[in-house]
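Let's work through a few short exercises together. Have the sequence and the 3D view at hand, and try each task before reading its solution.

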Amino acid sequence: SGEKIMAAAALALPLLALALALPAAFGGSAAEPNPIYEAASYRKLVGDAENGRLYAVEAPDNTQLLELHVFGDAKQRGFAQGVLLADHIESFIWGETGLDEYYKDQVDQIPLGKLPEWLQDTIKKIGKALAPTAFHLALGYVYEREQKYIGASKANYWEEMDALAEGLCSVKNASHFCKDLDEAKKRIHITNMLPELVRMQCSMLGAWGDATEDGHLVQMRTLDFGAGPFANHSVLVVSHPDGDAPAFASLAFPAFVGAVTGFSESIGLSEKVDDLASGGVPKGSYEGVADVFVIRDMLQFARTKEDAVSIAQDARRTWGVWLGVGDFASEEFVAMDYQQAHATPYDDQSLPSRTNQTLFKDIAYLDKHPQPSTHPELPDLLKEYYGRLTAPAVVQNIPRGTQSGDVHAAIYDFGKKEVYIAVGLVAANMTDYIRKAHDSPFVRFNMTSLWEESKP
């Protein structure tokens, strides 16, 4: 019922309030290895609806994460997310400390050189005072250029987003942003273009064989994106499609349908911006499928890392990133230089030719810096732990030791079928971190338990 849904959402809201109220004493780099907490010991049901179920994981040390399960086809999953995350979507997109406030601080980061001159001139004239308007114009342009290409995916992204808006407004029908449902849908559409406009600095690695203690693959993905409303609105969205399609999960933000970090019953995904040490980025355009939807296609449809590479190579690509893919079939990992011109995978032997980093047998990795990199922190740690790398060893030493992963970090243990997740905490001003993800406790989830969640 509507009352049940609203009550469930109200229970979930204190997650954000507590994060915003945390004392500044949590700041600074953690001196000790990151604690690890079992998600199953600290999760509670806070909402359910048709085709969806929402849990809150509340572990010690103010460690909190939402876990959302959605079931069915794209429309059913989207509607369920809109219903169960209604308060969080409102806070993230329309709230006083949400995206519009973030846009005011980030308007100078809009990559004007990637936009047409008429839009550059318009944004310059608008200025910082009306930064949200400038961002909406830029995001709207990206959406208009990429809409038809994204819509061609069999994942039915626009249907999922539209249903998400409908689910949101079935709960928030009296709110100002739901007075015009079409406008609410449009806002969600353009919000999903944000990772295509503003890029993220990140790190990745995959280690297997001789490099790990048990020979199984361990994969890392850290997300560095600065402050803003992202870390405090983190949600693990676990999608259970109809039929025999594999389940997949995305560590994301409310109303986001694309993926920046994720794993499935078949693969794990890592991502990093493709900044060049020589300056600039590889040539690209907005005439294609946004990177986050190619990543989502890989999560949803790939059964092996080779499948994922083929999906990337067949895509109409836009802007360059590095994509890392590991799979359960081989328990090995490749890092792909994904550009508009090509999508080329590299392994442990060939990747150092692109990164200028130390070659380690059975490890492929990229640090958070522009490539090729001269920074020694990551290779030094890999040398120290080579041959005895485990998921906990990576969790407790690599993100913290390299200071990579402010918004979130995810480590996939392919041997034990577990995933470790940490998220940052941002102060109420949305500009300062109380605690970054790399200094935060990690929560360990059993992947099989995530996949076997029963439908409401």
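**Exercise 1. Find the place of Asn356, then check its phi**.

*Step 1.* Asn356 sits in the loop between α14 and β14; helices (H or I, at least four residues) and strands (E, at least two) are DSSP runs, numbered from the N terminus.

*Step 2.* Its phi is near 65°, a positive value in a residue other than glycine.

*Step 3.* Most residues other than glycine have a negative phi, and most peptide bonds are trans.

Before going on, a word on the ground rules. Residues are numbered from 1 along each chain as its sequence is written. This is a predicted model, where local features need pLDDT of at least 70, side-chain atom pairs count only at pLDDT 80 or more, and totals for chains, interfaces and linings use all residues, while side-chain values use heavy atoms, leaving out hydrogens and water.

**Exercise 2. Stay in that loop and look at Asp362: is Asp362 buried or exposed****?**

*Step 1.* Asp362 lies between α14 (352-355) and β14 (363-366).

*Step 2.* With a relative accessible area of 9%, Asp362 counts as buried; the cut-offs are under 20% for buried, over 50% for exposed and partly exposed in between (1.4 Å probe, protein chains only).

*Step 3.* Not counting residues up to four places away in sequence, Asp362 touches Gly206, Ala207, Trp208, Gly209, Asp210, Ala211 and Asp348. Contact here means heavy atoms within 4.5 Å.

**Exercise 3. Which peptide bond is cis, with omega near -5°****?**

*Step 1.* Go to the loop between β14 and α15 (377-385), where you'll find Pro372.

*Step 2.* The cis bond runs from Gln371 to Pro372.

**Exercise 4. Compare phi and exposure at Lys417**.

*Step 1.* Look in the loop between β15 (408-413) and β16 (418-423) for Lys417.

*Step 2.* Lys417 isn't a glycine, yet its phi is positive, about 55°.

*Step 3.* Its relative accessible area is 42%, so Lys417 is partly exposed.

**Exercise 5. Which residues touch the most other members of the largest nonpolar core****?**

*Step 1.* A nonpolar core is a set of buried Ala, Val, Leu, Ile, Met, Phe, Trp, Tyr and Cys residues joined through side-chain atoms within 4.5 Å.

*Step 2.* This core has 98 residues, and the ones you want are Phe135, Leu194, Phe230, Phe293 and Met298.

*Step 3.* Helix α8 (residues 131-151) gives the most to this core, with 10 residues.

*Step 4.* Apart from it lies another core of 30 residues, including Ala39 and Trp451.
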